[in-house]
Every structure is written in structure tokens, then in C-alpha cells.
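The following exercises are to be worked through with the sequence and the model side by side. Each task is followed by a solution in steps.

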Amino acid sequence: MNAEQVRLQAAPQEKNLWYKWGPYLSERQWGTVREDYSEGGDAWNYFSHDQARSRAYRWGEDGLAGISDDQQQLCFALTLWNGKDPILKERLFGLTNSESNHGEDVKEYYFYLDSTPTHSYMKYLYKYPQEAYPYDQLVQTSRKLNRQQFEYELIDTGVFDQNRYFDVFVEYIKNTPEDMLIQISIHNRGDQAATLELLPTLWFRNEWSWVAQAAKPSLRQIHADGSISVIKAVHAKLGERYLYCEGHVPLLFTENETNTERIFGVPNRSHYVKDSFHQYFINQFDGAINPAGQGTKVACHYHLSIKPGDCQVVRLRLTDTPPASASNGKKYAPFFQFGSILQQRKSEADEFYSGIIPKSLDADSANVMRQALAGLLWTKQFYHYDVDRWLEERGSDPFKPNRKTAPRNEHWHHMYNGDVISMPDKWEYPWYAAWDLAFHVIALTLVDPEFGKSQLKLMLRERYMHPNGQIPAYEWNFGDVNPPVHAWSTIFTYLLEKAQTGQGDVDWLKSSFQKLLLNFTWWVNRKDRTGRNVFEGGFLGLDNIGVFDRSAPLPTGGYLEQADGTAWMALFSQNMLSIAIELTKTDPEYGEMVLKFIEHFLWIATSMTQMGGDTSMWDEEEGFFYDVLRLPDGRSQRLKVRSMVGLLPLCAATMYDGKFSAEFPEFTERMRRFLQARPELRTSIHDPVKTGVNGRRLASILDESKLRRVLNKMLDEREFLSPFGLRSLSRFHAENPYVFQVEGKEYRVDYLPAESDTGMFGGNSNWRGPIWIPVNALIIRALLNYYSFYGNDFQIECPTGSGRMMNLYEVAEEIGSRLTKLFLKNSQGKRPVYGEAKKFQDDPHWRDLVFFYEYFHGDNGAGLGASHQTGWTGVIARIMHLFATTSAEQLLQEGTRAAFNELPSSATASIGQGRGST
Amino acid sequence: MTNVRTVSVVTHQKLQLFVDKTGGRWIVRDEKGIFWVLAEQDPWEQRQQISLSDEVQLEPVPGHYKHMFGVPG
């Protein structure tokens, strides 16, 4: 067991100590719902980037390359100033939703280079221009662009053209859980000497101004000479900490308090406010700094002058060890053995990842996989939102009769969130999103299964899940409906642990199952309007995929029976069935639940193909699934948009090993009687009684004939199959837009491989063509399940029309390989994800750094949307791992369990080479 | 991913903190509709009742700022 594994497998109490400090600082707290106290709920404009330097946050903090403790009491991050910017660089800049032509977008270049799961070693890179950062140019130019044009990026401003920028590397190294070494290495990449004011900043999250019981913490200078400066931090709950800064370092103190003069136009009650450093450097106002050397925010001032091509290194140490604590009676020497500790943790990180990243992957693939995992780990954030308190503070106390109506989340006043959570993207989406999180766990479990379990558990806790059983969607509207993938992630995580350790966490699975039952019942009671097992759900995470906004009242009146909503519920039933089968192994009482979810699945699956007579969701003529529009006058029609909505029914496929039938004959007999009495349930879907390879059973909406027909479209390069994975909308609609007329108004869906051309759902995402990794991952999962059942007898042409026949494992691998190619260098040494961005493709200081975008161009693979959505795009790490560590033969022998079992490295090496998949 | 929704709201009278930007002062309206200007020292204890002219425009301040001034509730 390597050192990081030892930390991960320590007793819970010790392990929690290692988790105490981490990258939990958000990259954007301004413009969030929780900081929004506006009357109408205009979060983006109520608390702006411009205000952020002057206005104390209520619920959390943000910063550049920062860390905090797990309750975000004490924070550390970088502040930079090149002497030319109009403001200090304390946080990442980006455009708000309305400022950009495609919704909010961070306009900075920063990279998560490395992290171990316990954050014993972390590395981050920020590229800071030496010329004035073009704030105004970005805003003004973006304002003139329309939705048909690409976004205007920082690289387009030319600020990096002469390489006049600093590469600012930050490394965090834990010597012990409470002893963090910090090394900042600044490289001048330009051809001229340049100066930089580097201000490592330590501050307390402001609670004392808002909460009566919160004692005010303090930061105080306790030592400063030519070789070291020391700050003592005292917090009632956190205790004492010390920040040691190497070198001659003036310390600048102020308070993390709102500058009321600037924000509200009322004189400050104290001279020392949140933006004092701005006043000190930009306005050259010395009086902004507290000469008494104390406060709640402090910056250590390093004035650096760096020659072209040179690097300067700054070292600090944040620890619980006081200066006079050395046991040998000598003064504590914080920078003694600093370098050797750094090297040790770095080597331990390498050792840890050498056990995670399959040896069969080449160096470029290994680099991509490690950065994907680093991104996932860096994207943890302390998320704090007490909804009841928030409502009260805006005059919307849910229990007061004369309250104001709140713009959102009124019915979620039970919620108290104050936890470290895996975020989709700490700048663009610095709030948790329930279905994203389920995908994050699929990848996070590669390195830290326990953290994955804790994340899934969190969403089901009473402080999160609504009393009615709904899982919160995200802060913009907790009551929105996300696809129910939580149960899938749960059974995946359970089986993974069981395969790896020989023992599944049954208690965790049992408690999860109970809460998931509530959630399942919520869906059945709330989203099945007619009680016929056909489901709605609204946009269901696929923003603009429909011809109408599926979360708004339809312009036609009536309602939609959604192919995706119903397919998600079929998959949910299968996942619940899998969990129930597992629980029955230790508690036969759960056998009742096995029957329940078999029946649920059959009813739902059958409804997709049979309900509605001529207008069921399955279109026999076209061989595809569509949403069905039910009009108020009783008429109905399919909305024939060929999209991911119609592929999702294929995802509801799960293979069962058939052992349950043998072990529990009583339940099997009851099932037999049920099916005998309801023969219609078996006629239009895959026959659940039919046995496949090794006596396995398959739960699937699609029988073999339907499966082949859907696959024909899915694997057609003129439709869904792109060189880089499956598109969210068929390319067929490029020449054949779907058009729907309502009272003279035209609604249409065109194939849009890049950005959205409408403002639907904020206009910052596009499901009308681009490639999205998470749904591709679900399709890969389904194909492996089909393969485990059908084996090598099921062959299909892939790509359609190519004459090349594949089994379904090979099809899954082909899709996985195409997805991986998004990030890997191609034969010309270019990464498709970076498209035509020359600097990212060619410059040695850029070309091996990888962004994990939100989605990708449907034809050329260029990255689109949020640039740091390592969250669910990080699932690529799981896909790379899967195909490097399993084989078709193994899957045939072991079933889908094979996906959890790594082959010995010698075997993976030969398989990887043999297939040449990555 | 969805990210923007705005909803119109209905407001009702209740104790609330405001800022009078023109006058550069903090104002509180109590449950009875009486306006108070907060003092620099001991803001709530030393508050003074005022009547506001129609020209004064008050901007609501989030409720958590009340604690800073010792305003109850």
C-alpha cells in the first residue's frame, strides 16, 4: 500500500483530519443565488464582480488558487498585481450571463495540474498577463456579438501574443493534516524583465457581522524581520494557526468587512475594509492599511522583479505549530526540510497515480487522465446555504404571514447546506447540481470511493432532500427536475467497492435505498400525470433539446409525454432492482422490493412502446423514440426531433446474472404468476424471461429488433456518430430542420454543432448537436450490459454503412476511443478540444495543459461551454480506465462486474497494445 | 445547464433596513411603519425617529446587515 493509500484507508477520525484542508475555496461567490438579496432574483447583477472586492460575502468566499478548512473559517489564496491592471487580481474574471453572447464565461487561463484525494499534494497554474488585463475590451466586444458568433476569448485580445505573462504555479503540500507547505513559483515567459506584486492572502470568512453568536476572529503580526514574517490567526472554533512567510515580507492588515461607502454610499464605520489592498496599491492610499498589524484579512507583500525566462520562488507555511514550540528548545524553523517534504509528497502522488492510471496508457493519455482526476479533486468546494435563514434575511420568513414573496426556493426552507461538495465548475457553476454529482462520483471513485459515497449520501440527507422525497436540483431552483441517476451512481459505487475489497458497504446501501425509495415514489406520484407509467419532467437537464421549452407551459396547450423522462424512470427501476437484489443477499425481506421493481420496470418499459395506440413514443416506421405531444382536444402527435431524448431508452438496459431466481424460488414463482397473468408486458419489449450468455437475464425496453434499428441511426456518421463520440442531436437535422407551427409562429430545431442560437435556459448550453460526455458514458454502460447478455452473436455494422461488423463491446470501445480523442494529440500533434487555438496547440508552455469543457463541437470536437467542467466531463477518466483494464472476454465471463476488476498490469499492457484503443 | 430565472415579487410591510444614498445614512422602518435613522455610535440604541420627504429614495439592504447595527430581528 502506498503512502496516499495509507492516508485514505486510515481510521475515519484520522482520515477526516487529512480532509480538513483542501481546495474548498470557490472561484466565484459573486453572482450566485445565495448572495442574491434582490427583490426580483437578479443574482448576476445584484452582486457583481466589481462589487466583490469591496463587499463582504454572506455565505462563502472566493479566491485565486485558494484553499480553506472544511468549514471555510480560514481561507488562503493569491492576490496578484502587475502594476498596470485597474484592480488587483484577487479572483477570476468572467462575463455574466447577459454580458456574453453565449451566457456566463470565465475569461482566464488556469489549470488544475495535480491533486491527491487527501490533498496531501496539489498543484495549480494561473497565467497572468503582464500587460493590463483587458476587462473593458472583453465586455465591450462580447456585447456586440450575436448568438451565431463564437465567444470572444481572452486569447483573442492579443494579451498573450508576445508571451508577456507570468506562469504562476502554486503547490500545496501537507506535511501533516495541519501543516501545509505552500510554494509559489513564478516564471516570466516574456522577453523583458517584469515586476509583480505577489500578495499571498490569509483571511477569515465573515460570520461575525451577520451572526449574533459568532465571535470575531483575529489575525495579528507576531514577528517580522529580514528573514521571516509570522502571522497568528485565532478563531473560536478553529483554534490557533500560524502563517510563516519566508523573506523580508511586509504584512498588510485590514478587515474582511464591506466598504459601505463604496457599496451603499454610507461612510464606513472603520477605515479598514475588504478592498483596502486595492486602495493601498491602486490608489496609493497608505491609510487603508491598519498600522497596528491586526485584522481579519492580511496580505504578505512580495515585490518581485523577474528577468525574462527566469523564475522566482516564494515559500510559506500554514500550520498549527507556534514559533517557540520546537521540542529541542530551539525556535521552530518552518523552512527547514521544506524541499525534501515537497519532493516526498510529490513522489507519493506519482506513486499513487501509478497505481491508478493503467500502465497500458501512453504518456499523453496518462497526462490527460491525471489532469481529469486533478480537476475533479480541485473542484471540491465548501458550499454554504441556510435557506431558511436566507429567506428570513430577505424578509421572506416562511412562517410569517406578512412576508415578502421570495423569487425562488421558498419551498426549500428545510435546507441547511454547509459541506464540502464536488461542484460542476467552481467558476461557471459554483453550486452543486444533483445529476452532475452522480456522474462526478463515477469518476471520483477511481481515486477515492469513500468520498464518492459520502457525496451520494449527502444529497439524501434530511438537510438536502425535500421532505416530499425530491432531490434538490441546484440553487437556481432546487425544485427543478433533474434526471434520476442517483440510484445508478449508488449501485455502481457499491459494486465497485465490493469488487475491490470483497465486501460491500451494506449499511450504506440500505440507508441509501430507503431514501431513494422516497425519491422514486416522488417521481411516480408527481411526474406521471395520468398514472399510465409515462413520465414528464420538463427540461430534465437537456436544456434546449426540445422544439419547445419543456419546462414552460406549451404554446399548444396540453402536455408532453417524454421519452427521456420515461426512459430515466425505467433505468431508475432497474437500478433500484439491482440494489434490492444486493440487499436480499443479506436480508431476504428485500425480496419484496425485487418484485416491486421488476413490476415497475415492466410497466414503464411497456408504456414506452404500447401506450397511446398509434402515438406511443416508439415510432415503428422510423425505428426511433420521440416525445409525444398530447393536446387538450385529445389529439396527439410525436415530435420527431431525432435527439438524445430518443437514444436514452437504449440506456435503460441492465443485465442480471440470474442467480436470484435460483436462490429465491418463492419470489421467482410469484414473478412467474405475474408474467403469466400479464402476457402483454412481454410482447413489445425485450422478453425478461429469455436467457442469454451464461444464463443471464436482461431488463431492456428495446428488444433485439428495436435495438438494431436504434443502433443503425446511432452509429450512422450522418446522424449521431461523430469522430469524437455521439452527438446530442442527429446531423440529419442539418438539412432537415424540424419545424412546428403554432398559430402562425414557427418553432424549429436545427442541427447546431457548436453554440446555442437561442436564449432558452440562459443560452449557455447547447443540446442540439454537441457531444456531451455523461450521456455518452451512459450509452457505453448500456452497450456493455447488452454485450454481457447477447455476447458475440450480436454483430452490428459500425459505423453504419461501413461494412465493418462489431460486437457491442467493440461498439462501446469505439465510442470510448472517439471520446478520448477529444483530448489526445492527433497525428498532427493537435488536440481537437483546442480547435484552431494556435497557442494551445503549439506553445510548449500550453500544449500539454488540458481543459475539460462542458461539451464539444459535434463535428470537430472543439471545447465549448464552461471551460473547467471537469465535474462530469471528468468521467472521461473512468472511460479511459475502463477500456484499458477490461476485455470483451472478461465481460463475457464475469458480466458487467468485470468493469470493476482491474486486470494485472501485464495483461492490460498487452490488451491496450492489441486493441490500440488509446 | 440552466442558470437564469427571474420572478416578479409582491412586497409587504415589515421591519427593514434601508440605505438613503443621497443622505448617506442607514434607515430602519419598524413594523408600525415608523422610520428611524441609525446613529454612528450605538446605532440602534441611539436611533432617532425621522419623517422622510417624498424625494428620499430608500434602497433595501439585506437583513443580515441588521446585526452589524444591533437592529433586532
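The expected span of a helix is 1.5 Å times one less than its number of residues. The model used here is predicted.

**Exercise 1. Compare the expected span of helix α22 of chain A with the distance between its end C-alpha atoms, and describe its surroundings.**

Step 1. Helix α22 of chain A covers residues 773-790, that is, 18 residues.

Step 2. At 1.5 Å a residue, these 18 residues should span 26 Å. The end C-alpha atoms are 25 Å apart, which agrees with the expectation.

Step 3. As to burial, 18 of the 18 residues of α22(A) are buried, so the helix counts as mostly covered; a residue is called buried if 20 or more other C-beta atoms lie within 10 Å of its own.

Step 4. After α22(A) comes A:Gly791, which has a positive phi, near 70°.

**Exercise 2. State the strand order of the open sheet of 9 strands in chain A and identify its edges.**

Step 1. The order is β6-β7-β8-β9-β18-β13-β12-β11-β15 (chain A), and the pairing is antiparallel.

Step 2. Strands β6 (110-115) and β15 (294-295) of chain A each pair on one side only, and these are the edge strands.

Step 3. Within the sheet, β12 (residues 228-235) and β13 (residues 239-246) of chain A are joined in the antiparallel sense over 8 bridges. In this pair, A:Ala233 stands opposite A:Arg241 of β13(A).

**Exercise 3. Determine which strands helices α8 and α9 of chain A meet.**

Step 1. Helix α8 (residues 338-354) of chain A packs on the sheet and touches β6, β7 (121-129), β8 (165-176), β9 (179-188) and β18 (311-319) of chain A. Its direction makes about 90° with that of β8(A).

Step 2. Helix α9 (residues 363-378) of chain A lies across β6 and β7 of chain A, at about 95° to β6(A).

**Exercise 4. Describe the open sheet of 3 strands in chain A.**

Step 1. Its order is β21-β24-β25 (chain A), with antiparallel pairing. The edges are β21 (559-561) and β25 (636-639) of chain A, and the twist averages 30° from one strand to the next.

Step 2. Strand β24 (residues 627-630) of chain A pairs with β25(A) over 4 bridges. There, A:Leu629 stands opposite A:Gln637.

**Exercise 5. Assess the confidence of the prediction for chain A.**

Step 1. The mean pLDDT of chain A is 94, and 97% of its residues reach 70 or more.

Step 2. Over residues 903-918 of chain A, pLDDT stays under 50; for this stretch the model has 30 contacts beyond four places in sequence.

Definitions and conventions
Residues numbered from 1 in each chain as written. Chains lettered and ligands numbered in written order. Predicted model: local features only at pLDDT ≥ 70, side-chain atom pairs only at ≥ 80, totals over all residues. Pairing = 2+ DSSP bridges. Helix = DSSP H or I, 4+ residues; strand = E, 2+ residues; numbered from the N terminus. Contact = placed C-beta atoms within 7 Å. Axes fitted to C-alpha atoms, helices over the stretch in contact; angles between N-to-C directions. Buried ≥ 20, exposed ≤ 12 C-beta atoms within 10 Å, placed from the backbone. pLDDT = per-residue confidence, 0-100.
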